[in-house]
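The following dialogue asks how certain structural terms are justified. Each answer sets a value against the rule that applies.

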Amino acid sequence: MRHTIQVTVNGQTHRVEVEPRLLLVELIRDVLGLTGTHVGCDTSQCGACTVHVNGEAVKSCTMFAVQADGCEITTVEGLATDEQLHPLQEGFWQEHGLQCGFCTPGIIMAAADLLKRNPDPSEEEIRRALEGNFCRCTGYHNIVRAIRYAAARMRGEAVVPRGEAAPTGAS
Amino acid sequence: MEARAYIGAPIRRVEDRRFVTGRGRYTDDIVLPGMLYAWIVRSPHAHARIRAIRTEKARQHPGVVAVFTGKDMLDDGVGSLPTGWQIGPDMKEPPHYALAVDKVRYVGDGVAVVIAETKAAARDAAELVEVDYEELPAVVDAAEALKEGAPLVHDEAPGNLCYVWELGDREATDRALATAHHVTKLEFVNQRLIPNAIEPRSAIGHYDPGRDELTLYTSSQNPHLIRLLLSAFVLKIPEHKVRVISPDVGGGFGSKIFHYPEEVICAWSSRKLGRPVKWTAVRSESFVSDAHGRDHITTAEMGFDRDGRIVGLRVRTIANLGAYLSTFAPGVPTWLYGTLLAGQYKTPHIHVEVKGVFTNTTPVDAYRGAGRPEATYVVERLVDLAAHEMGLDPAELRRRNFIQPDEFPYQTPVVLQYDSGNYEGALNKALEMADYWKLREEQKRAREQGRLIGIGLSCYIEACGLAPSKVAGAIGVRAGLYESAAIRVLPTGKVQVFTGTHSHGQGHETTFAQIVAHELGIPLEDVEVIHGDTAEIPFGMGTYGSRSLATGGSAIYRALEKVKAKARKIAAHKLEVAEEDLEFRNGQFIVKGTDRAISFGDIALTAYVPHDYPEGLEPGLEENAFYDPANFTFPFGAHLSVVEVDPETGRVKLLRYVAVDDVGRIINPMIVEGQIHGGVAQGVGQALLEGAIYDRSSGQLLTGSLLDYALPRADDLPSFEVGHQETPCPHNPLGAKGAGEAGTIAATACVVNAVVDALYHLGVRDIRMPLTPERVWRAMRGLPTDGHAS
Ligand code: FES
Ligand code: FES
């Protein structure tokens, strides 16, 4: 038995027929081809699959596609607007908040949710908020910095990036 | 106009734009037309004979295209997965087939593969494959496996013994320990770890019958090695008809070095079916099918003279190799372990004996550090404990034994010749950063208030970039360990760099571009680094053992020298001067003492439009280099951690972590720091949280998912305090040594030392890892901490 659902993903509305057991993450990756959302586990622990459903961070492996019928979904691909990176994307880049990049989309989406609720989180609050996300590469040190960078930017404060921009040659 | 000094600058990574926007391309992201999906039927038993496999029902399931068993592959001539490291002439090397043929030997051993039009169909049909098993008794613990009458994993390996390996002078060490003033002895388990790169392994076999060409996409750290093993040993098809692509790879930490059964299964079945076949692990499958790490049972004794100088070290280790020999498995607990047992100290006599043992568990191979964290754990735990036993400050005891800066090159009694170092310098810096003596006072005060604070040190050495190839051969590595690079300058002066190393988080696309842009005096954005495709890159040995910059970077440097030499010829011709009259500065060849110059871009154009060109010189500007290092590199450092133990619950809180590392010349400090952070996190993970547990009677992996296996989370760790010391490697052109494993190598012993330091006055000498609250609580009360199982 298949169900027809309608979802709006990154502003684009899709009507799709899905099996009831199809997970939201499978809909996003396999049906809609948005592979920025990753799958890192089968026990809802890693957070690599985090997206926003109606504005709230959700692990998309914990939800069936049919449950998302009528929902607004944002994935990491929908975060930047016209080539303008989201402050979190910029923060992760500037502060070297990623290495292999596999956990990154999920962590960015989780962090976006945190910053909506708490625009100036302390290090401890950030670490607690990331409880549902694993990163095996960075030891979280620079992830914390990246999120603080983004928070400052979003509050309109000046920030001094750690990383030097690559695209400047001879000066 | 000064060209920018890229070497040494914290350039933000060029690869990150794609990752932060969700446009990375990992193997599982790739969808090919007509692609099929594989699901592997795995053994639920640790040890069983396969009586029969019935696949009819699965075959009839809608969407199923084929079901294959190990016998199908064997009948088709598919060979065993070879191991790449031979330990002694008598090493037992039983066959390892991609799918088990006669027996299954661990929980997760593959027995059949179902290939279907959709993932769901393959998975559903896998349930319909009926395997008739005759269960056999299993053994999961290496010490148990050596006992008389233990279940036999392979008929080829009596007593489950793969090899016995020794290094050093047994008699001299025994004598030294017999006459020592003080001997510190520890018996411990360096527990089995499960690497858990966050991207699960994935492979796609894609056979093109028209061109008789096989492409394998795989989440691998070393595509060329996979091509060699797959073509020459396993599928026995011509190497030039196989292309291996490792696209973006989501972390490896060693676990993606090896040639895995699933790569063979996807490649072979794609040839059979003429359609692409994809397999991607689900995490609980990764737990049983990714090579594990560590798993040593060790007895170690370190002897000291009256002044606290080390007189000898004796080490006996039983290493669990798992059910089959993975690609580099035999070398990890031997050459990568025994040779590091001198640590940073003048230890006149060392003897180590290692027994490599088969058990009914997932194969064990290199995991971040690979042998070196285990060696560091032996040495640093013993030194630290000895200091406590002898009533000396742990920093002071180390100081008395350090190899001094003027003693290099230093020949250890276990083969290695250290080329350089300043161990006391690194320790002093770490102590300073932490304000060590103040910490000690605070510790005292805290104790008076009933708080348990501990300070741990770990002074480590590692040997990276196993080399030269001659040495690799002498110690049984069935490969050379050089690296290749190609530099292709395009007519517009843009540069493509091809490296045989592979980046899966290390940032080569940035670091290597920095080297090239720096050396050629061109903007960084004019350089593109290409890796991970055997069709594009001349050859490569891949990325592991912290080798990429020291070997791969040096190969790039050598290729650059050739490019510059040819460019100089062209410049001399164009400027009508002798080559010696030119200097290369800021991306220009300048006639010395004049302002006459030609830019690198103009030379590139001339090389491809050679109208006015040196007589006899070939057009084009592209050079290859193979770099075989003269020696290992020897990064080292001193780490310090501060912990607080809750006396009520035994919970350990890591309060501070200070790391001072000397990884040689640094190209990008931001990337190096990131490597240290991540390495430390994994080392702390082993000390406090992680450990694979097998049920001793059933052989089931009890820690088989992220629910049961504790990976460090953000709130398990503090921010790290990272410092550097820079002693350049004297024998490679970059002076680089390697940074990828340093943190892991140091951190485990560092944190355990801190916890024991907090509790030593309560009579605690050692606690079994991971230091869970329960074990710490028990240790404080004098109860055994072995817990159940491993
Ligand atoms: S894939 Fe959803 S939490 Fe891991
Ligand atoms: S960057 Fe690799 S898992 Fe986080």
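The questions below concern burial, salt bridges, the interface and the nonpolar cores.

This is a predicted model, in which local features need pLDDT of at least 70 and side-chain atom pairs count only at pLDDT 80 or more, while totals for chains, interfaces and linings use all residues. Residues are numbered from 1 along each chain as its sequence is written, chains are lettered from A and ligands numbered from 1 in the order in which they are written, and side-chain values use heavy atoms, without hydrogens and water.

Q: Why is B:Arg372 called buried?
A: Buried means under 20% relative accessible area, exposed over 50%, and partly exposed in between, with a 1.4 Å probe and protein chains only. B:Arg372 has 3% relative accessibility, so the residue counts as buried.

Q: What makes the contact of B:Arg372 and B:Glu462 a salt bridge?
A: The term requires a side-chain nitrogen of Lys or Arg within 4 Å of a carboxyl oxygen of Asp or Glu. For this pair the N to O distance is 3.9 Å, so the rule is met. B:Glu462, at 0% relative accessible area, is buried.

Q: Which parts does the pair of B:Arg372 and B:Glu462 tie together?
A: B:Arg372 belongs to helix H11 (residues 372-390) of chain B and B:Glu462 to the loop between strand S18 (452-461) and helix H15 (469-474), so the pair ties together parts 90 residues apart in sequence. Helices (H or I, at least four residues) and strands (E, at least two) are DSSP runs, numbered from the N terminus.

Q: How do we know that B:Asp662 and B:Lys737 form a salt bridge?
A: Their side chains meet at 3.1 Å, N to O, which is within the limit, so the pair qualifies. B:Asp662 is buried, with a relative accessible area of 0%, and B:Lys737 is buried at 0% relative accessibility.

Q: What makes B:Glu690 and A:Arg136 a salt bridge between chains?
A: Their N to O distance is 2.8 Å, so the pair satisfies the rule. The count between chain B and chain A is six salt bridges.

Q: How many residues of chain B are in contact with chain A?
A: Contact means heavy atoms within 4.5 Å. On that basis, 65 residues of chain B are in contact with 56 residues of chain A.

Q: What is called a nonpolar core, and how many residues has the largest?
A: Such a core is a set of buried Ala, Val, Leu, Ile, Met, Phe, Trp, Tyr and Cys residues joined through side-chain atoms within 4.5 Å. The largest has 184 residues, and B:Tyr418 is one of those with the most contacts inside it. Helix H20 (residues 742-759) of chain B gives the most to this core, with 13 residues.
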